[in-house]
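This briefing covers how two chains meet and how they are related. It then turns to one helix and its surroundings.

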Protein chains: 2
Amino acid sequence: MSALKNDTFLRALMRQPTEYTPTWLMRQAGRYLPEYCATRARAGSFLNLCKSPTLATEVTLQPLARYNLDAAILFSDILTVPDAMGLGLYFAEGEGPKFERPLREEWAIRNLQAPNPHDHLRYVIDAVAEIRRALDGSVPLIGFSGSPFTLSCYMIEGQGSDSYTEVKKMMYGRPDLMHHILEVTTRAVIDYLNAQIEAGAQAVMVFDSWGGMLSQAAYLEFSLPYMARIMAELTRERDGHVVPRIVFTKGGGLWLEKIAACGADAVGLDWTIDIGDARRRVEGKVALQGNMDPNILLTTPEAVAKEAEAVLTSYGHGTGHIFNLGHGISQFTPPENVSVLVETVREKSRAFHQAI
Amino acid sequence: MSALKNDTFLRALMRQPTEYTPTWLMRQAGRYLPEYCATRARAGSFLNLCKSPTLATEVTLQPLARYNLDAAILFSDILTVPDAMGLGLYFAEGEGPKFERPLREEWAIRNLQAPNPHDHLRYVIDAVAEIRRALDGSVPLIGFSGSPFTLSCYMIEGQGSDSYTEVKKMMYGRPDLMHHILEVTTRAVIDYLNAQIEAGAQAVMVFDSWGGMLSQAAYLEFSLPYMARIMAELTRERDGHVVPRIVFTKGGGLWLEKIAACGADAVGLDWTIDIGDARRRVEGKVALQGNMDPNILLTTPEAVAKEAEAVLTSYGHGTGHIFNLGHGISQFTPPENVSVLVETVREKSRAFHQAI
């Protein structure tokens, strides 16, 4: 493998000095880019795109060709894992992901097995290796997975939900079954992320998209401990380099101190928390990734630049900040606003990294 | 007017001693009750139900006939105010509320006027008076309004939204127009709530359903100051009794200390915050209302009782807690679970109110 030319992102994750604040954007390879839409059209479907290492590599690299980003993230979907568990992922046009066989019956839950990632998830592992080769050491590659709680939500509901009725029925009515699903899913995520690291992922991120829908007590019972177990079992070094881990619970700002103690090197923040307050609360124990409201990218270049500077200013001087949005980039984002964002952070952040 | 037979709710709001923790439930008159569905069917539509003082009175009283609740809340909709501003509220079957004329053009925004509540909102004021008579002093009546920010969101989007794209475009691109809408809406809410108080509402609540979608900076610019202005301009006493005010920003747990300083007597909490932590953070400055996850009502009576006790225990000993859900009750709630909830709180809370 080529030596890494730009390791700013990895250094910031480990709270080592950098010259500027590195940037990547959740869902940076996505529908706001016309070149992504063209590849997606050629693939025929979103799932075909995910399942083709060559096409996944192509779209992963597209935003890097346009913007001065400091990391690539594997193009994939968090629901590949439940799909590999046999739930039958499909995408009904305009409806979001669904499973043919949601997990509701006790016998099905008891039969659930963690998939061998080298078998049913081979296409993801191959994509990681192919992207890593294609990047040729330009920037690091981030691997990722959904959190056990978030994956379990989708598996039980069978689709996205506003109220997570079925999940909550199980959590409060049959917590033993919920914990069984979480145990198996945790095993699956550990194996999946370790296989991504083995194949070349230089950092990994766990997306807990739905943990923020829980009460604090439920979050501390059903989501955070499983992420902590993943952190404890991930491969720590690969080729002599530490592989940093990021966890992100959207809506988890109230529980920040607890999340920061789960064993991750960095914590993702949505846009509802002030990143300066967050920095004070984590007391230098972890790096912070975030946290501009993605919808600001739908407005004017002036507003984008102003808000990017506001996030940098709130974080303040020193390392440990990875600039990102507080949620995935909207499909309606004008690509030129992303350029303004990335260039603003690159230039304006230098002042925050000079020796005082 | 009859003397109030049960003022437990009002005393708890003012942090005066009570014998038990009072309870009411957001959306307690709603689709989970078969008698509500029957009245709604007779009305022909949800809007007809809101616009008939007699039918609104009927459904307001239905949950009180079933359950040992300590307050009634006016049956109405937060969008009556923008409707009275001429935006043309309608409900497409199965689609949620919409406006015929969303606020997008500068000329329309500049023409916006706060409605006289005795004119276009006469039906609400009449309903307050009729409900108050029908209650005959049994429990207090809560009046309510949407917050200026939440109402403005609906007015600009023209319907509910996940991303509030149009609102955010305006907030970040034309903050002057956003503030103008908020100013007019704030005036409208003050007049509306004061008219409800004049007609007999014994407490009022401001629902900031969407403020939690904002960044902290945006919340402190576009939502909280307008609620603070409402608090400052509401009628404080009526017939020699203080009229307590409750504010509730769903998803506002991160900003609790700031919300608690806005001039309200009580702050509503969603279920993501631990109510004991919240109590420590507000340092006795306000009462707290909440905060059980409403989806627990979809599970078993045992789980309902257990979680209700957990909320009481977390709040702990002493007054200043009004038991409620962290969000409106789900239409799929079995009515018998509500009975378990209300009885559990009534009985189990007594121990928390005995002199130590």
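In this predicted model, the contact between the two chains draws 28 residues from chain B and 28 residues from chain A. On the chain B side, α9, α11 and α15 (301–315) of chain B are the elements that give two or more residues to the surface touching chain A. The biggest contribution there is that of α9(B), with five residues.

**Make-up of the contact**
- The residues of chain B that touch chain A comprise eleven nonpolar, 13 polar and four charged ones.

**Relation between the chains**
- Chain B is superposed on chain A by a rotation of 180° with 0.0 Å of shift along the axis, at an RMSD of 0.0 Å.
- This is the relation of a two-fold axis.
- Within chain B, the C-alpha nearest that axis belongs to B:Leu254 and lies 3.0 Å from it.
- Both copies use the same surface, since 100% of the contact residues of chain B recur in chain A.

**Helix α9 of chain B**
- Helix α9 of chain B spans residues 165–173, and this helix gives the most residues to the side of chain B that touches chain A.
- Its buried residues are B:Val167, B:Lys168, B:Met170, B:Met171 and B:Tyr172.
- The cover over the buried residues of α9(B) includes elements of both chains: α15 (301–315) of chain A, and α8 (148–157), α10 (175–199) and α11 (216–222) of chain B.
- Of these covering elements, α11 of chain B is also among those that give two or more residues to the side touching chain A.

Terms used:
Residues numbered from 1 in each chain as written. Chains lettered and ligands numbered in written order. Predicted model: local features only at pLDDT ≥ 70, side-chain atom pairs only at ≥ 80, totals over all residues. Buried ≥ 20, exposed ≤ 12 C-beta atoms within 10 Å, placed from the backbone. Helix = DSSP H or I, 4+ residues; strand = E, 2+ residues; numbered from the N terminus. Contact = placed C-beta atoms within 7 Å. Nonpolar A, V, L, I, M, F, W, Y, C, P; charged D, E, K, R; others polar. Least-squares fit on C-alpha atoms with pLDDT ≥ 70 in both.
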